[in-house]
Amino acid sequence: MDQYVIKGGNPLVGEVDISGAKNAALPILAAAIMPDETVLIENLPDVTDIHAILTAIESVGAQVTHVDRHTVKINGSGISDYRIDGDYIRKIRASYYLLGALLGKIHKAEVVYPGGCNIGLRPIDQHIKGFQGLGAEVELPHGRVYAYADKLTGGHIYMDVVSVGATMNVILASVMAEGTTIIENAAKEPHIVDLANFLNSCGASIRGAGTDVVRIKGVQRLHGTEYTIIPDQIEAGTYMFGAAVTKGDVVVKNVIPKHLESISAKLIEMGCEVEEGDDWVRVVASKPLKRTNVKTLPYPGFPTDMQPQITVALGLTNGSSIVTESLFENRFKYVDELSKMGAHIKVEGNSAIIDGVEGYQGADLSAPDLRAGAALVLAALTADGYSTVENVQYVERGYEDFPAKLKGLGAHIEKVRTDREAARYHFEEVS
Ligand code: EPZ
């Protein structure tokens, strides 16, 4: 099994290019099957979740042409099936966007029940409620979700919880419905704005994306377009925290600094210097990190997808901090791994109580999910000695070229296949 072997101790220094946002690209690729004309999508991250959704849309008859590593052309005029199944799609959460896209386009969709990172219960009741609010029937036959309608009609949908996925799914299903749909208590993440911008560039009429009320006036058809995905806020935030924990100096390039405000604010509170340009942010960590408390919240709050990374950093301050996870009930599984490195963290309910330590020691670690895996890599980069991180397939779901980008910043990290290769890496590094 692939693993990373890491020798800690080098500060991350230099510039890193941020890829397109996975969590924007996934719904946009699903939406790309809705027009009958060709769409060109640029700045896709080359990560495994994206490969999975591309395979899925091909499986229902969309034509996918790979233009280059980060660009595809999609033509959805040949959609001939409404069922999506298979192990490859079972693993990803974003399969649920294919429900909204197929329901919106051909009024019928059957998709395996969404999987994704095991970070909590992750129900889809709000997605179902949204589809039903547009007049669809929804059934759950044997681990699948089947949604169908003779006709979709705009509706007034109040979300009981702020959900990124449900907001986007209702947008997808309603964009060609008859009449106007209003989503109240909508999520406001940048990727929701990106999906709306993409669909509007195909001729949709969506207003209010990025606020908690989104209005969608159904249109009869969508046309082709060319579209560039926004930069990945979480990938950028991960390198920003990489600079903080390794006492480094990193410029994240090709970003939208506004999307990183909650992350920058916490880094400043923790004693880092953060400088912003039009499309870059620089983090310099020249002083000891300071303690603070943080609670994850929907955008514009501090993102749950940055919770493990900030916990790793708070574990290295000279005080006590509390991290409260308010979105997912099972997102502290990595704490046991950090304890192996000498971290002092106690989890009580949805909070982690952290007593900072002077440093971490290298250890053999296992990534429990995508963001926690990336956070363990950051911990290993600061640690004394060598670490290995197993289960890197989770990390590769969302981080393009993670080892290569870290190496570009001066990290000692290598992806290896076997323990023997890992041992050889130790030897080569030392000699
Ligand atoms: C998206 O998940 C992201 N995934 C997650 O990123 C991210 O952590 C999350 O949004 C929050 O920002 C993708 O975009 C593919 P939600 P999603 O619906 O849409 C509850 C990563 O690492 N809820 O906003 O599944 C839910 O249980 C991944 O890239 C319901 O109760 O998240 C949670 O407590 C991990 N009923 C809260 O809402 C529903 O029908 C927010 O979940 C839907 C959600």
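The lining of the largest cavity in this predicted model comprises, by class, five nonpolar, two polar and one charged residues. The residues in question are P231, D232, Q233, A236, V255, I256, H259 and L260, and the space that they enclose amounts to about 40 Å³. When a threshold of 30 Å³ or more is applied, the structure holds one cavity.

From this cavity the reader may turn to the second largest pocket, whose volume is about 330 Å³. Its lining is made up of 19 residues, and those lying nearest the centre of the pocket are V245, K247, L289, L316 and E358. Two helices, α8 (233–245) and α12, are the elements that give two or more residues to this lining. Sorted by class, the lining of the second largest pocket has nine nonpolar, seven polar and three charged residues.

Helix α12, which spans residues 370–382, also leads to the ligand, since the shell around the ligand takes at least two residues from each of α1 (22–31), α5 (125–133), α6 (164–174) and α12. Among the elements, α5 gives the most to this shell, with three residues. In total, 23 residues surround the ligand, and the closest of them are Y96, Q126, S163, D305 and L327. The shell divides by class into 10 nonpolar, six polar and seven charged residues. Both domain 1 (3–19 + 231–430) and domain 2 (22–228) give residues to the shell, and the ligand therefore lies between the two domains.

Several contacts can be followed at the level of individual atoms. In the case of L327, a backbone N or O atom is placed 2.4 Å from an oxygen atom of the ligand. The side chain of Y96 has an N or O atom at 2.7 Å from an oxygen atom of the ligand, while for the side chain of N23 the corresponding distance between an N or O atom and a ligand oxygen atom is 3.1 Å. On its own the ligand has 830 Å² of accessible area, and the protein covers 91% of that area.

Two features of the backbone remain to be located, and they are best read against a general expectation. Most residues other than glycine have a negative phi, and most peptide bonds are trans. The peptide bond that runs from Y299 to P300, however, is cis, with omega near 10°, and P300 itself is found in the loop that joins β18 (294–295) to α10 (307–314). The other feature concerns N185, which is not a glycine and yet has a positive phi of about 60°; this residue sits in the loop between β11 (180–184) and α7 (190–201).

Terms used:
Residues are numbered from 1 along each chain as its sequence is written. This is a predicted model: local features need pLDDT of at least 70, side-chain atom pairs count only at pLDDT 80 or more; totals for chains, interfaces and linings use all residues. Side-chain values use heavy atoms; hydrogens and water are left out. A residue is near a molecule or strand if one of its heavy atoms lies within 4 Å of it. A polar contact is a pair of N or O atoms within 3.5 Å; within protein, one must be able to donate a hydrogen and the other to accept it, and residues adjacent in sequence count only if both atoms are side-chain atoms. Accessible areas come from the Shrake-Rupley method with a 1.4 Å probe; for residues, only the protein chains shown count as cover. Helices (H or I, at least four residues) and strands (E, at least two) are DSSP runs, numbered from the N terminus. Ala, Val, Leu, Ile, Met, Phe, Trp, Tyr, Cys and Pro count as nonpolar, Asp, Glu, Lys and Arg as charged, and the others, Gly among them, as polar. Domain bounds come from an automatic or database domain assignment. On a 1 Å grid over the protein atoms alone, a cavity is a set of points where a 1.4 Å probe fits but cannot get out, and a pocket is an open set with protein on both sides within 12 Å along at least five of seven lines; lining residues have an atom within 4 Å of a point. Grid points are joined across faces, edges and corners, and a volume is the space filled by probe spheres set on the points.
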